[in-house]
Amino acid sequence: MHVIYGGTFDPIHHGHLRLALEVSEALEVSRVHLVPSHIPPHRGSTGASSAQRLEMIRQAIAGEPALALDEQEVHRGGASYTADTLRQLRAELGPDCPLVMVVGTDAFSSFDRWREWQEIPGLAHIVVVRRPGSELPVGSEAAQLVAERCVGSASELHSRPAGLVLELAPPLLDISATGIRRRIAAGRSPRYLTPDDVCQSIRAWGLYGARPVESQ
Ligand code: ATP
């Protein structure tokens, strides 16, 4: 079974890392693949570049065999569409390998605005992670998809290549990349919210309004 977990990861933080580990254990897979989206140049000016986000992820997962980095969206360039990513993986994995996409309820609630969203259940299973304060809107396409395709246990995902939905509610850390960026812009420390190596890169590169190391 191949499991992907996408996001902007601007920057990656302990909330992402804990979730990825929780998912690997809940699904009993040896690895979860983090898939950072590419930020097209016209949107990228305030956060980290794609190359910097990749490097921060590499630093964050170094030495953790359960987490891997999938660079395909950044290498493809342009806007990143999950349907394209899943199609590419399906082509690589073949028709029979279970493929799983992990997504939080905050991101999944706008599922019916994703490009080619109707194709996605045919390409992969969806693991929806319940985030406190982000319920799926009643009657939304996302909620309907969960109601129609929901299974009760992770083991069922291993029995088919795609098309099922599993809800998970693991303990989550209350950390967001937005909160980290705001904190840094206000001159405060991101320490313990994200790994130390990531904090050091943020400072060295002067990201999110951090004062670069040279000027301190
Ligand atoms: P931002 O604040 O910039 O929106 P974020 O911290 O929410 O960023 P994203 O890269 O946008 O992170 O999110 C990628 C995925 O990670 C989404 O599916 C989101 O639900 C999930 N996620 C983000 N933060 C957490 C967290 N603290 N715990 C669990 N999942 C999280």
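Q: Helices (H or I, at least four residues) and strands (E, at least two) are DSSP runs, numbered from the N terminus. Where, in these terms, is Tyr 192 found?
A: In this predicted model, Tyr 192 is found in the loop between α8 and α9 (196–205).

Q: Why is Tyr 192 called exposed?
A: The relative accessibility of Tyr 192 is 62%. A residue counts as exposed over 50%, so Tyr 192 belongs to that class.

Q: What makes the phi angle of Tyr 192 worth noting?
A: Phi of Tyr 192 is near 75°, which is positive although the residue is not glycine. Most residues other than glycine have a negative phi.

Q: Where does Glu 116 lie, and what is its phi?
A: Glu 116 lies in the loop between α5 (105–108) and α6 (120–123). Its phi is near 55°, again a positive value in a residue other than glycine.

Q: Why is Glu 116 called partly exposed?
A: Its relative accessibility is 33%. Buried means under 20% and exposed means over 50%, with partly exposed in between; Glu 116 is therefore partly exposed.

Q: How do you know that the peptide bond from Asp 10 to Pro 11 is cis?
A: The omega angle of this bond is near 5°. Pro 11 is found in the loop between β1 and α1. Most peptide bonds are trans.

Q: Why is Met 101 called buried?
A: Met 101, which lies in strand β4, has a relative accessible area of 3%. The limit for buried is under 20%, so Met 101 meets it. From Met 101 to Gly 187 the C-alpha distance is 36 Å, with their positions 86 residues apart in sequence.

Q: What makes Pro 36 buried?
A: Pro 36, in strand β2 (residues 32–36), has 0% relative accessibility. That value is under 20%, so Pro 36 is buried. Its C-alpha atom is 7.7 Å from that of Arg 53, and the two residues are 17 residues apart along the chain.

Q: Why is His 158 called partly exposed?
A: His 158 is found in the loop between β6 (150–151) and β7 (165–168). Its relative accessible area is 38%, which is neither under 20% nor over 50%, so His 158 is partly exposed. His 158 and Pro 95 are 13 Å apart, C-alpha to C-alpha, and 63 residues apart in sequence.

Q: Why is Ala 79 called partly exposed?
A: Ala 79 lies in the loop between α3 (72–76) and α4 (82–93). Its relative accessible area is 39%, a value between the limits of 20% and 50%, so partly exposed is the class of Ala 79. The C-alpha atoms of Ala 79 and His 38 are separated by 6.4 Å, while the residues are 41 apart along the chain.

Q: Which residues come nearest to the ligand?
A: Of the 20 residues around the ligand, these are Tyr 5, Asp 106, Leu 173, Ala 177 and Thr 178.

Q: What makes the pairing of Thr 178 with the ligand a polar contact?
A: A polar side-chain atom of Thr 178 lies 2.4 Å from an oxygen atom of the ligand. The cut-off for a pair of N or O atoms is within 3.5 Å, so this pair qualifies. Backbone atoms also take part: a backbone N or O atom of Ile 175 lies 2.8 Å from a ligand nitrogen atom, and a polar backbone atom of Phe 9 is 3.0 Å from a ligand oxygen atom. Of the 600 Å² of accessible area that the ligand has on its own, the protein covers 87%.

Q: Which elements give two or more residues to the shell around the ligand?
A: They are β1 (2–7), α1 (14–27), β4 (99–104) and α8 (177–185). By class, the shell holds eight nonpolar, nine polar and three charged residues. The space that the ligand takes is the largest pocket.

Notes: Residues numbered from 1 in each chain as written. Predicted model: local features only at pLDDT ≥ 70, side-chain atom pairs only at ≥ 80, totals over all residues. Heavy atoms only, no water. Near = heavy atom within 4 Å. Polar contact = N/O pair within 3.5 Å; in protein donor to acceptor, adjacent residues only side chain to side chain. Areas by Shrake-Rupley, 256 points an atom, 1.4 Å probe, with all protein chains shown as cover. 1 Å grid on protein atoms, 1.4 Å probe; cavity = no way out; pocket = protein on both sides within 12 Å on 5 of 7 lines; lining within 4 Å. Sits in = over half its atoms within 2 Å of the grid points. Nonpolar A, V, L, I, M, F, W, Y, C, P; charged D, E, K, R; others polar. Buried < 20%, exposed > 50% of the residue type's maximum accessible area, 1.4 Å probe, protein only.
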